[in-house]
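Student: I would like to learn how to read a fold from its helices, strands and contacts. Could you take me through one example, step by step?

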Amino acid sequence: MKKQIKISTEMQKKAEKQILEKNKHYDYDTVEYPIEVIVKKYHDGIDNYDGEIYIPDYQREYVWDTKRRSKFIESIILGIPIPYIFFADVEGRYEIVDGSQRVRTLHSFLNNELQLHDLEKLTDLNEFYFKDLSIVRQRRIKNKSLKMIALSEKTDPEARIDLFERINTGSDELKKMEVRKGVNSGKFYDFIKECSENQLFKKLCPISDKRTLRAEPQEMVLRFFAYSENRDNYKGYVAPFIDAYMKSKTKDFTAQIKNEMQNSFIAMLKFVEKYFENGFAKTKRATSTPRVRFEAISVGVHLALLEKPTLSDVRVDWLDSDEFKAETRSDAANNRLKLIGRTDFVKNKLLGE
């Protein structure tokens, strides 16, 4: 049992000082807008990027499927209370801090782009578009007001990102990489995204559309760099390890560092293209790539090239071996010894050791 520490007056004062130093200034108002107004303000900015309501870069893509969108619209029609939408006043415009999926769903429905499906309560509305509703019902939906928390221009810009992280961290709906995108937006994240959109990477590492929308390509690229550079400091807990790596790079990402990282990434990809018939995937027709397999091959190739930059004429017949399959099983994949084991396995095989 952990020994109980007696909290002294000095410790309390020190803690109170830290609270005051770390406290972000959140200045906000609670406002209400009719759905029709929210949708129009958002719609006006889709094409000209100057609408009063807009979605910032750190927000995720539109990932709700039709069933979830339909259920949200059903909730609106039934009058079920809807969670607050969080906005922030940025130069007179409203940046959506939390609620982009809801705003986009309302926009798609009112613009007859969403057909309702799989409704469990209002079953008679299945297959309906907005235009199929009675005029009276259309008006009632348009006139329904949604409550919003609007952070004022006085709010610390970092507070918006902090709020986004606190709302979404731990949510099953928002993957870790999407949270990292919001918390660490900047030149380094832009570089990770650029790498994930590299055509050779996309060719060698197939990822489903659904996983792509949830930032899986960026997650894989980020893991490659983190494990390649800092594998020896990995303790077995992926999230804090990747978070710490990304934060350190975000703070110190120079043009020289970018150039070096880009060169190592491209060199790794070209080597895989030349010697690995299926790239990182298990088969030529694969539509997805297991993370453990990608990590083993990408990091292993990188480590081998570090030791021998002129490495060539390698054998890869071990890819189908029971030994490699055992190294890349998903069970306990994030164990430290497992990570080192699978990446060293590939490195040593390529080096002929």
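The dialogue below moves from the whole chain to its sheet, then to helices and a single residue.

Student: Before the details, what should I know about the model, and how many helices and strands does the chain have?

Tutor: This is a predicted model, and the chain has 16 helices and 5 strands. Of the 353 residues in the chain, 44% are buried. Among contacts with a separation of 6 or more, 72% join residues 24 or more positions apart.

Student: How do I read the sheet, and in which order do the strands lie?

Tutor: The general idea is that strands of a sheet pair through backbone hydrogen bonds, in either a parallel or an antiparallel way. Here the 5 strands form an open sheet in the order β1-β5-β3-β4-β2, and the pairing is mixed. The edge strands are β1 (28–34) and β2, each of which pairs on one side only.

Student: Which pairings run parallel and which antiparallel, beginning with β1 and β5?

Tutor: Going along the sheet from that edge, β1 and β5 run antiparallel and are joined by 7 bridges, with Y28 standing opposite L151 in β5. On the next pairing, β3 and β5 are parallel over 4 bridges, and here A88 is the residue that stands opposite L151. L151 thus serves as a useful landmark, with Y28 opposite it in one pairing and A88 opposite it in another.

Student: What happens on the β4 side, and how many bridges join β3 to β4?

Tutor: Strand β3 (residues 85–90) pairs with β4 in the antiparallel sense over 5 bridges, and D89 stands opposite Y94 in β4. These two strands form a hairpin with 2 residues between them, where E91 takes a positive phi near 55°. The pairing of strand β2 (residues 53–54) with β4 is parallel and has 2 bridges, and I53 stands opposite Y94 in β4.

Student: How covered are β4 and β5, counted by their buried residues?

Tutor: For strand β4 (residues 93–98), 6 of its 6 residues are buried, and the strand is mostly covered. β5 is also described as mostly covered, with 5 of its 7 residues buried. As for what lies over the sheet, α4 lies across β3, β4 and β5 (145–151), running at about 115° to β4.

Student: Turning to helices, how do I check the length of α3 against its number of residues?

Tutor: At 1.5 Å a residue, the 13 residues of helix α3 (residues 66–78) should span 18 Å, and its end C-alpha atoms are indeed 18 Å apart, which agrees. The helix is followed by G79, whose phi is positive, near 80°.

Student: Which residues of α3 are buried, and what general pattern should I keep in mind?

Tutor: An α-helix has 3.6 residues a turn, so residues three or four places apart point the same way. In α3 the buried residues are R69, S70, F72, I73, E74, S75, I76 and I77.

Student: How is α3 placed against α4, and which residues meet?

Tutor: The axes of α3 and helix α4 (residues 100–110) come within 10 Å and cross at roughly 85°. An angle of 65 to 115 degrees counts as roughly perpendicular, and α3 and α4 are therefore roughly perpendicular to each other. From α3, R69, F72, I73 and I76 meet R102, T105, L106 and F109 of α4. By type, the residues of this contact divide into 5 nonpolar, 1 polar and 2 charged.

Student: Where would I look for another crossing, and at what angle do α8 and α11 cross?

Tutor: Helix α8 (residues 187–196) and helix α11 (residues 216–230) have axes that come within 8 Å and cross at roughly 110°, and the two helices are therefore roughly perpendicular to each other. On the α8 side the contact is made by F188, Y189, F191, I192, K193, C195 and S196, and on the α11 side by P217, Q218, V221, L222 and F225. This contact comprises 9 nonpolar, 2 polar and 1 charged residues.

Student: Is P217 buried or exposed, and which residues does P217 touch?

Tutor: P217 lies in helix α11 and is buried, since its relative accessible area is 7% and the cut-off for buried is under 20%. Leaving aside residues up to four places away in sequence, P217 touches S196, F201, I207, R211 and T212. P217 and K202 are 15 residues apart in sequence, and their C-alpha atoms are 8.4 Å apart in space.

Notes. Residues are numbered from 1 along each chain as its sequence is written. This is a predicted model: local features need pLDDT of at least 70, side-chain atom pairs count only at pLDDT 80 or more; totals for chains, interfaces and linings use all residues. Side-chain values use heavy atoms; hydrogens and water are left out. The expected span of a helix is 1.5 Å times one less than its number of residues. Buried means under 20% relative accessible area, exposed over 50%, partly exposed in between (1.4 Å probe, protein chains only). Axes are lines fitted to C-alpha atoms, for helices over the stretch in contact, and angles run from 0 to 180 degrees between N-to-C directions. Angles under 35 degrees count as roughly parallel, over 145 as roughly antiparallel, 65 to 115 as roughly perpendicular and the rest as oblique. Contact means heavy atoms within 4.5 Å. Ala, Val, Leu, Ile, Met, Phe, Trp, Tyr, Cys and Pro count as nonpolar, Asp, Glu, Lys and Arg as charged, and the others, Gly among them, as polar. Two strands pair if DSSP finds at least two bridges between them.
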